[in-house]
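Open the model in your viewer and keep the selection panel at hand. The tour begins with a few cysteines and then zooms out to the whole chain.

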Amino acid sequence: MATIVLGAQWGDEGKGKLVDILSDEAQLCCRAQGGHNAGHTIVKNGITFDVHILLLTEGCTNLIGTGCVVHIPQFFKEIETIEKHGINLHDRVLISDRCHVDLELHTKVDGLEEVELGKASIGTTGKGIGPTYSTKATRSGIHIADIFNKAEFDRKLRHLHHGYSKRYGDLLQYDPEAEIAAFNDYRERLKPFVVDQVPLIESAVKSDVRMLVEGANALMLDIDNGTYPFVTSSNTGLGGVFTGLHLNPRRIKETIGIVKAYTTRVGSGPFPSEQINEIGEKLQQVGREFGVTTGRKRRCGWLDLVVVKFSNSINWYDAINLTKLDILDDFDEVKIATAYEHNGQELSSFPANLEVLEEMTVKYETLPGWKSKTVGLKEYHELPENARKYIEYIEKFVGVKVKYIGTGPGRESMIVR
């Protein structure tokens, strides 16, 4: 049976902490989509780790699923970093041979595409993720499996470079022969990690292996359902889990939505509840809202339950993990976005039209703050009354139980109801 953990907002909700906790009981921990544009900061035994493509887990085997794109230098860098801190990953990391390869070429193109867009730039992480998914969709990409056929790999890489050179000319500063030489080194080192995912997952399902799946990014960055075009290039919701991992949809134990107690977003794009004022600055500073992958300041605002309810309508959560509740401890009052109005009419859901998003008005419910420290609390009844009312308001509005409540950065700071 599989437990699935998905971001319910625009990413950076704190998925890694719950994944780290749940991985204690899991045997196979999987990524279904995305690449090293994801990022987690994990605090364990007083040591802080940042990971991007791997799942940092003690006991279970890591699988980078078919729906992912893999930057090979970053993959080896993370293994080296994690093992340096005493966590043994030997025989515990696997990559599907059907993943696509995120090349340095893709990274170069990512930067050029952003420059080309000018003021309409997406604000990508610059990691080559979008161009890699683009070449996948145009059937000109490179599978992990292709790496082990040197002649085919070299041909495909040169062909990609030729196509991009025709588009960008001298603006593309890239040497295909240097990357080919790098992969001559990676080829043998990579072999022990690569597997055929299909029989692996089939065997795991039939053997009732305990699986844990983490979706990268979050629903509002989904290529189909997010704030397009200000999104990532993969399906970040529940659908992406099934296409990226070949799971049996009838063997899902629980789908958990991760919801930050307020809202943040990195990069460009609509953000209805954003607070470009002292409230936003306070959330940013107290919450230490800097992107793990990019280092950029995150935009901050009040919790938007229109977003969370929309996310639940697509991902069908069984439970919610509310993270970073403690960041709101010192607010006199807290606001929750509960509805959008456009031309005097209340919208029934989160709109697809960017003009509507720009023009609409956000309606808020104001609740009293609790002005009391929640950091490190481990029992629900220990929370201040107003903090409990905040949580129960969320439950009633979205229609999903808040099962996990984060009260600090450490993995031990988690209330389970």
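Are C29 and C60 buried or exposed? Both C29 and C60 are buried, where buried means under 20% relative accessible area, exposed over 50%, and partly exposed in between (1.4 Å probe, protein chains only). Before going further, note that this is a predicted model, in which local features need pLDDT of at least 70 and side-chain atom pairs count only at pLDDT 80 or more, while totals for chains, interfaces and linings use all residues. Residues are numbered from 1 along each chain as its sequence is written, and side-chain values use heavy atoms, with hydrogens and water left out.

**Stop 1: the disulfide.** Select C29 and C60 and show their side chains. Their sulfur atoms lie 2.0 Å apart and form a disulfide (a pair of cysteine sulfur atoms within 2.5 Å). The structure holds one such link. Distant parts of the chain are joined here: C29 belongs to strand β2 (residues 28–34), and C60, 31 residues away, sits in the loop between β4 (47–51) and β5 (61–70). Helices (H or I, at least four residues) and strands (E, at least two) are DSSP runs, numbered from the N terminus. Set a dihedral about the S-S bond: at -115°, the link of C29 and C60 is left-handed.

**Stop 2: two cysteines outside any disulfide.** Now select C68. C68 is in no disulfide, and the nearest cysteine sulfur, at 5.4 Å, is that of C99. C68 counts as buried because its relative accessibility is 1%. Move on to C99, which is in no disulfide either; its nearest cysteine sulfur is that of C68. C99 counts as buried because its relative accessibility is 0%.

**Stop 3: the whole chain.** Switch to a cartoon. The protein has 12 helices and 19 strands. Its radius of gyration is 22 Å, close to the 22 Å that the globule rule gives for 417 residues, so the protein is as compact as a globular protein of that length. That radius is taken over C-alpha atoms, and the rule is 2.2 Å times the number of residues to the power 0.38. Turn the C-alpha trace along its principal axes: the spans are about 65 × 50 × 40 Å.

Colour by accessibility next. Of the 417 residues, 56% count as buried. For a contact map (heavy atoms within 4.5 Å), take the contacts with a separation of 6 or more: residues 24 or more positions apart account for 77% of them.
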